[in-house]
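The exercises below are meant to be worked through with the sequence and the three-dimensional view side by side. Try each task before reading the solution that follows it.

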Amino acid sequence: MTKTLIIGATGTVGGLVLDEAVRRGVDVRALVRNKERANLPDTVELVQGDLADREAVRTALRGVDSAFYVSPHETNEVEIATVFGEEAQRAGARLVFGGFHIEDDDAREAAGSAIPAYIPKLKLAAFLASTDTRPAMFSLTNFDQNDEIFRADIEAGVFPTPLHSDGVNRIDLRDAAEVLTTALTDKDFAAGSYQLLGPESLNGEQSARIWAEALGREVVYTGDDPEWRKAFERRLSGQKLVDWIRSFELLGSAPIATDPAEVEIMTKLLGHAPRTLADYVRDSVNR
Ligand SMILES: NC(=O)c1ccc[n+]([C@@H]2O[C@H](COP(=O)([O-])OP(=O)(O)OC[C@H]3O[C@@H](n4cnc5c(N)ncnc54)[C@H](OP(=O)(O)O)[C@@H]3O)[C@@H](O)[C@H]2O)c1
């Protein structure tokens, strides 16, 4: 049986990867900063430590076949990813990354020049991709699950996150977790870069309407109001707030189109059609 290490298991992406891996009966270990607070299933082996602590990372990677890495919202994200990549290589673990990666050097450099705030993320992913870990590098579009941060606002009738009027591709992370778990457990999964995405691009008005229909009440899109950052400040803090404001500034100004060829690849990787935002919202409201 595959033994796998999951980073970020108490967070959004890693938590869903952990749920999927546990559901499939995988032998899971998680590196967590606080064992008492972690609240993970009993079958999960816990190693307590911070990603900045090389010894803890080394201990967590000992004896695993594969490891999932998502970059936390931390100011030292390049340093901790570097430690992780080096130690994964040393441990002989296959690396599965979920986040944002541009494989082509010139395209990556151009993206960094256009969006300097993303340079650390581009840099850490490029480093992980260069390691001798047979890395599978998955880029993810805008998460459906992001809306949960603003659930109280949405239920109060306001959808505050800016999404470009031409639409932004949105992915249900449950789909991403299925593919990521397959990559973690299939020792023959091909190294390389993959784009994981949802079936459609949605703008703010459309996303608000989907929530309104599921909740049976009016939900007004306010992402074009310059005050949208105030809603973010009420719900987030620290580096996560900084990262989210940067990301949504970008999502408000740049569309993310949905390439049918990529949806076809996603469907093949998943073995079923990717879930829509309406699927996600319905399940979330009925949970
Ligand atoms: N939101 C989007 O639409 C989107 C789209 C594409 C890519 N991304 C990328 O996804 C990543 C964020 O993932 P997420 O939403 O799952 O984040 P998250 O919910 O904030 O979870 C972060 C996880 O990392 C852990 N962590 C934080 N600092 C750590 C440290 N120093 N050592 C060990 N563990 C640490 C946290 O554990 P604790 O419980 O101890 O805090 C938590 O489990 C970012 O890199 C972002 O750029 C996001």
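**Exercise 1.** In this predicted model, determine how helix 1 and helix 8 are oriented where they pack, and which residues make the contact.

*Solution.* Begin with the axes: helix 1 and helix 8, the latter covering residues 173-185, pack with their axes 8 Å apart and at an angle of about 60 degrees. Angles under 35 degrees would count as roughly parallel, and those from 65 to 115 as roughly perpendicular; the two helices are therefore oblique to each other. Next comes the hand of the crossing, which is right-handed where helix 1 passes helix 8. Helix 1 contributes Thr12, Val13, Leu16, Val17, Asp19, Glu20 and Ala21 to the contact, and these meet Leu173, Arg174, Ala177, Glu178, Leu180, Thr181 and Leu184 of helix 8. Sorted by class, the residues of this contact comprise eight nonpolar, two polar and four charged.

**Exercise 2.** Find how many residues surround the ligand, and which element gives the largest share of that shell.

*Solution.* The shell around the ligand holds 26 residues, of which the closest are Gly8, Thr10, Gly11, Val13 and Pro72. Two or more residues of the shell come from helix 1 (12-23) and likewise from strand 7. The largest share belongs to helix 1, which supplies three residues. Val13, listed among the closest residues to the ligand, also takes part in the contact of helix 1 with helix 8. As for the character of the shell, ten of its residues are nonpolar, eleven are polar and five are charged.

**Exercise 3.** Describe the sheet of seven strands: what is its order, and which strands stand at its edges?

*Solution.* Reading across this open sheet gives the order 3-2-1-4-5-6-10, and the pairing is parallel. The edges are held by strand 3 (45-48) and strand 10 (192-196), each of which pairs on one side only. On average, and with direction ignored, neighbouring strands are turned by 20 degrees against each other. To follow one pair in detail, take strand 6 (residues 136-140), which is joined to strand 10 by five bridges in the parallel sense. Here Ala136 has Gly192 in strand 10 as its bridge partner.

**Exercise 4.** For the sheet of three strands, work out why one side of strand 7 and of strand 11 is left without a neighbour.

*Solution.* The order of this open sheet is 7-9-11, and its pairing is mixed. Strand 7 (142-143) and strand 11 (201-202) are at the edges and have a single partner strand each, so one side of each lacks a neighbour in the sheet. Strand 9, residues 168-171, runs antiparallel to strand 11 and is joined to strand 11 by two bridges. Within this pair, Asn169 lies opposite Ser201 of strand 11.

**Exercise 5.** Set out the geometry and the residues of two further helix contacts, that of helix 3 with helix 4 and that of helix 9 with helix 13.

*Solution.* Take helix 3 (residues 54-61) and helix 4 (residues 77-91) to begin with: their axes come within 9 Å and cross at roughly 40 degrees, and the helices are therefore oblique to each other. Their crossing is right-handed. Arg54, Val57, Arg58 and Leu61 of helix 3 make the contact with Val83, Phe84, Glu87, Ala88 and Ala91 of helix 4, a set with six nonpolar, no polar and three charged residues.

Turn then to helix 9 (residues 204-215) and helix 13 (residues 277-286), whose axes come within 10 Å and cross at roughly 35 degrees, again in a right-handed crossing. Ser207, Ile210, Trp211, Ala214 and Leu215 of helix 9 meet Leu277, Ala278, Val281, Arg282 and Val285 of helix 13. This contact has eight nonpolar residues, one polar and one charged.

Terms used. Residues are numbered from 1 along each chain as its sequence is written. This is a predicted model: local features need pLDDT of at least 70, side-chain atom pairs count only at pLDDT 80 or more; totals for chains, interfaces and linings use all residues. Two strands pair if DSSP finds at least two bridges between them. Helices (H or I, at least four residues) and strands (E, at least two) are DSSP runs, numbered from the N terminus. A residue is near a molecule or strand if its C-beta atom, placed from the backbone, lies within 6 Å of it. Ala, Val, Leu, Ile, Met, Phe, Trp, Tyr, Cys and Pro count as nonpolar, Asp, Glu, Lys and Arg as charged, and the others, Gly among them, as polar. Axes are lines fitted to C-alpha atoms, for helices over the stretch in contact, and angles run from 0 to 180 degrees between N-to-C directions. Angles under 35 degrees count as roughly parallel, over 145 as roughly antiparallel, 65 to 115 as roughly perpendicular and the rest as oblique. A crossing is left-handed if the near helix is turned anticlockwise from the far one by less than a right angle, and right-handed if clockwise. Two residues are in contact if their C-beta atoms, placed from the backbone, lie within 7 Å.
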